[in-house]
Amino acid sequence: MKSHATQQRALTLRRRTALKIARSIMPCVDCGRRMGNDSHYDHLNPEQKLMSVMQMASKYGLAMILSEVSKCVIRCYECHKPVTARQRRERRHRDQLLQIVAEKLREQGFAF
Ligand SMILES: [Zn+2]
């Protein structure tokens, strides 16, 4: 009889295989190329990201994996870079905006 660890490894491998095949079937959402291992599960909203979909294959059940996939699109590594840079810029921008709005509200006598 196979050990629990061996069974777990086989399960993880099958989940990862399914996730890899799905990733290679779907074209990049931006450029339309199918890049196989050079494509990523990219979270539409990084703030909702629990962890990378591929990492989840070894730690979580199918419901959790599907839930994480539902937050993603497939994006190739080349298209991924500018998107990540833009998301970082947007987060910094939003943080600054929030700070300035709070400051201006305080200047108008609002306390919070
Ligand atoms: Zn692309």
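Helix α4, residues 77–107, comprises 31 residues and extends 45 Å from its first C-alpha to its last, close to the 45 Å expected at 1.5 Å a residue. The model described here is predicted. Of the 31 residues of α4, the number buried is one, so this helix lies largely in the open. The residue G109, which follows α4, has a positive phi, near 90 degrees.

**Overall architecture**

The protein contains four helices and two strands, and their order along the sequence is α-β-α-α-β-α. The radius of gyration is 20 Å, whereas a compact globule of 112 residues would have a value near 13 Å. Along the principal axes, the C-alpha atoms fill a box of roughly 70 × 35 × 15 Å. Buried residues account for 12% of the 112 residues. Among contacts between residues at least 6 apart in sequence, 66% join residues at least 24 apart.

**Helix α1**

Helix α1 covers residues 4–25. Its 22 residues should span 32 Å at 1.5 Å a residue, and the end C-alpha atoms are 32 Å apart, which agrees. The number of buried residues among the 22 of α1 is one, so α1 lies largely in the open. The table sets out the two helices for which spans are given.

| Helix | Residues | Number of residues | End-to-end C-alpha distance | Expected span |
|---|---|---|---|---|
| α1 | 4–25 | 22 residues | 32 Å | 32 Å |
| α4 | 77–107 | 31 residues | 45 Å | 45 Å |

**The strand pair**

Strand β1, residues 39–43, has four of its five residues buried, so β1 is largely enclosed by the rest of the structure. Strands β1 and β2 run antiparallel and are joined by five bridges. Within this pairing, D42 stands opposite V73 in β2.

C76 lies in strand β2. This residue counts as buried because C76 has 21 C-beta neighbours inside 10 Å, and the threshold for burial is 20 or more. When neighbours within four places in sequence are left aside, the contacts of C76 are C28, C31, R33, M35, D38 and S39. The C-alpha atoms of C76 and G36 are separated by 8.5 Å, although the two residues are 40 residues apart along the chain.

**The nonpolar core**

The largest nonpolar core consists of eight residues, namely C28, Y41, V53, M56, A57, I74, C76 and C79. Helix α2 (53–56) and strand β2 (72–76) each supply at least two residues of this core. In soluble globular proteins, nonpolar side chains tend to be buried together.

One of the core residues is A57. With its neighbours within four places in sequence left aside, A57 is in contact with T12, R15, R16, L19 and I65.

**An exposed position in α2**

Q55 is found in helix α2. Q55 is exposed, because 12 other C-beta atoms lie within 10 Å, and a residue counts as exposed at 12 or fewer. The C-alpha atoms of Q55 and H40 are separated by 12 Å, and these residues are 15 residues apart along the chain.

**Summary of the picture**

Helices α1 and α4 lie largely in the open, whereas strand β1 is largely enclosed. Helix α2 and strand β2 each supply at least two residues of the largest nonpolar core, while Q55, found in α2, is exposed.

Conventions. Residues are numbered from 1 along each chain as its sequence is written. This is a predicted model: local features need pLDDT of at least 70, side-chain atom pairs count only at pLDDT 80 or more; totals for chains, interfaces and linings use all residues. A nonpolar core is a set of buried Ala, Val, Leu, Ile, Met, Phe, Trp, Tyr and Cys residues joined through C-beta atoms within 7 Å. Two residues are in contact if their C-beta atoms, placed from the backbone, lie within 7 Å. The expected span of a helix is 1.5 Å times one less than its number of residues. The radius of gyration is taken over C-alpha atoms; the globule rule is 2.2 Å times the number of residues to the power 0.38. Two strands pair if DSSP finds at least two bridges between them.
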